[in-house]
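Reader: I would like to go through this structure with you residue by residue, taking the side chains, the loops and the interior space in turn.

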Amino acid sequence: MNLTDRVAVITGGAGGIGAALARRFAAEGAAALVLADVDGAAAEAVADAVGPLARGVAVDVTDEEQVRALVADTERRYGRIDVFCANAGVSTGGGVDVDDAGWERSWRVNVLAHVYAARAVLPAMLARGSGYLLHTCSAAGILTAVGDAAYTTTKHAAVGFAEWLSVTYRDQGIRVSALCPQGVDTPMLADGLAAGHLGARIIAASGAVLSPDDVAAAAVAGMAEERFLILPHPEVADYARRRAEDPDGWQSGLRKLIRRLTTP
């Protein structure tokens, strides 16, 4: 995937990784960028900073009709969508005690929003025989987000859905990548640390915390190679191997880390 002259839609585009993807795609020569976010004013501000090729729009990705309208409007304005980045995400910072509303929101933002995007964007991509889906899934979708049950569960589902899409549609010209960073310096992590959430503390203690721009650079490099798993933290691949080879040992190590961070 060469991003020059491509039309891309990025959800969760008002900040963090989404805004960084917009900046990087613009630097790579994209023709048009549509930044969608539930905070439309913030998305417009990012678009203004990126330049005239970008526009910000208010979209709730948990509402399938709004996602369909986003896709239809973009195709009407620019003729096509070459890249759709399903990047919006939420965390809870809690375990099984999180109420049903929290679980439902996590499911709708972290999983169903990806389904809604695929339903809306795939028909035209399949008709052209080309298109790229970039799903921000998190290393939590490969490993475990200690301290956040809903995030772990839904991000695993997001990776599974992305893999299903890749297996099903790659031979029809559709490329799919699951972007799976570990610690990233975004409001999600900062807010979790401020609230004292165990998961955020473990992320901060587990390795480098990358900037969103670092993650965007890794995403572009991975898309250029059309890799399914894009791992801005290369060590995640080693962790995944260890987890697969020795699940009991892997879990034991996580429990030790939890005890170290929670024992006075």
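Reader: Is Trp164 buried, partly exposed or exposed?

Author: The model is a predicted one, and the answer rests on its computed accessibility. Buried would require a relative accessible area under 20% and exposed one over 50%. Trp164 has a relative accessible area of 47%, and therefore it is partly exposed.

Reader: Which aromatic residue forms a stacked pair with Trp164, and how are the two rings placed?

Author: The structure holds three aromatic pairs. In the stacked pair that includes Trp164, the rings lie 6.5 Å centre to centre with 5° between the planes. Both partners lie in helix H5 (residues 149-169), three residues apart, about one turn of the helix. The partner counts as buried at 18% relative accessibility, and the residue asked for is Phe161.

Reader: Which residue joins Phe161 and Trp164 in one aromatic cluster?

Author: Phe161 and Trp164 form a stacked pair, and the cluster to which they belong takes in one further residue, namely Tyr169.

Author: To put the cluster in full, Phe161 and Trp164 lie in helix H5, and the member that completes the cluster is Tyr169.

Reader: Turning to Tyr239 and Trp250, what is the angle between the planes of this aromatic pair, and which parts of the chain does the pair tie together?

Author: Tyr239 lies in helix H9 (residues 235-245) and Trp250 in helix H10 (residues 247-262), so the pair ties together parts that are 11 residues apart in sequence. Both Tyr239 and Trp250 are buried. Their rings are 5.8 Å centre to centre, and the pair is classed as tilted, with an angle between the planes of 40°.

Reader: Where does Thr136 lie, and which residue does its side chain meet in a polar contact?

Author: Thr136 is found in strand E5 (residues 131-136), and it is buried, with a relative accessible area of 8%. Leaving aside neighbours within four places in sequence, Thr136 is in contact with Ile17, Ala86, Asn87, His114, Lys155 and Leu179. The polar contact between side chains spans 2.8 Å, and the partner of Thr136 in it is Asn87.

Reader: How many cavities of 30 Å³ or more does a search of the whole structure find, and which helix gives the most to the lining of the largest cavity?

Author: The search finds one such cavity, and about 50 Å³ of space lies in the largest cavity. The elements that give two or more residues to its lining are strand E4 (83-86) and helix H4 (100-128). With four residues, the element that gives the most is H4.

Reader: How many charged residues does the lining of the largest cavity have?

Author: The lining is made up of Thr11, Val61, Val67, Phe84, Ala86, Asn87, Ala88, Val109, Ala113, His114 and Ala117, and among them Ala86, Asn87 and His114 are also in contact with Thr136. By class, the lining has eight nonpolar and three polar residues, and the number of charged residues is given as no charged residues.

Reader: In the loop between E5 and H5, what is the phi of Ser138, and is this residue buried or exposed?

Author: Ser138 is found in that loop, and its phi is positive although the residue is not a glycine. With a relative accessible area of 9%, Ser138 is buried. The value of phi is about 80°.

Reader: What distance separates the C-alpha atoms of Gly141 and Val159?

Author: Gly141 has its place in the loop between E5 and H5, and it counts as buried at 6% relative accessibility. Neighbours within four places in sequence aside, Gly141 is in contact with Lys155, His156 and Val159. Gly141 and Val159 are 18 residues apart along the chain, and the distance between their C-alpha atoms is 5.8 Å.

Reader: Where is Glu226 found, and what is its phi?

Author: Glu226 is found in the loop between helix H8 (212-224) and strand E7 (229-230), where it counts as partly exposed at 27% relative accessibility. Its phi is positive in a residue other than glycine, with a value near 55°.

Reader: What is the relative accessible area of Ala219, and which residues does it touch?

Author: Ala219 lies in helix H8. Not counting residues up to four places away in sequence, it touches Leu21, Leu134, Leu179 and Ile230. Ala219 is buried, and its relative accessible area is 0%.

Methods
Residues are numbered from 1 along each chain as its sequence is written. This is a predicted model: local features need pLDDT of at least 70, side-chain atom pairs count only at pLDDT 80 or more; totals for chains, interfaces and linings use all residues. Side-chain values use heavy atoms; hydrogens and water are left out. Buried means under 20% relative accessible area, exposed over 50%, partly exposed in between (1.4 Å probe, protein chains only). A polar contact is a pair of N or O atoms within 3.5 Å; within protein, one must be able to donate a hydrogen and the other to accept it, and residues adjacent in sequence count only if both atoms are side-chain atoms. Contact means heavy atoms within 4.5 Å. On a 1 Å grid over the protein atoms alone, a cavity is a set of points where a 1.4 Å probe fits but cannot get out, and a pocket is an open set with protein on both sides within 12 Å along at least five of seven lines; lining residues have an atom within 4 Å of a point. Grid points are joined across faces, edges and corners, and a volume is the space filled by probe spheres set on the points. Ala, Val, Leu, Ile, Met, Phe, Trp, Tyr, Cys and Pro count as nonpolar, Asp, Glu, Lys and Arg as charged, and the others, Gly among them, as polar. Rings of Phe, Tyr and Trp (its six-membered ring) pair if their centres lie within 6.5 Å; planes under 30 degrees apart count as stacked, over 60 as edge-to-face and the rest as tilted.
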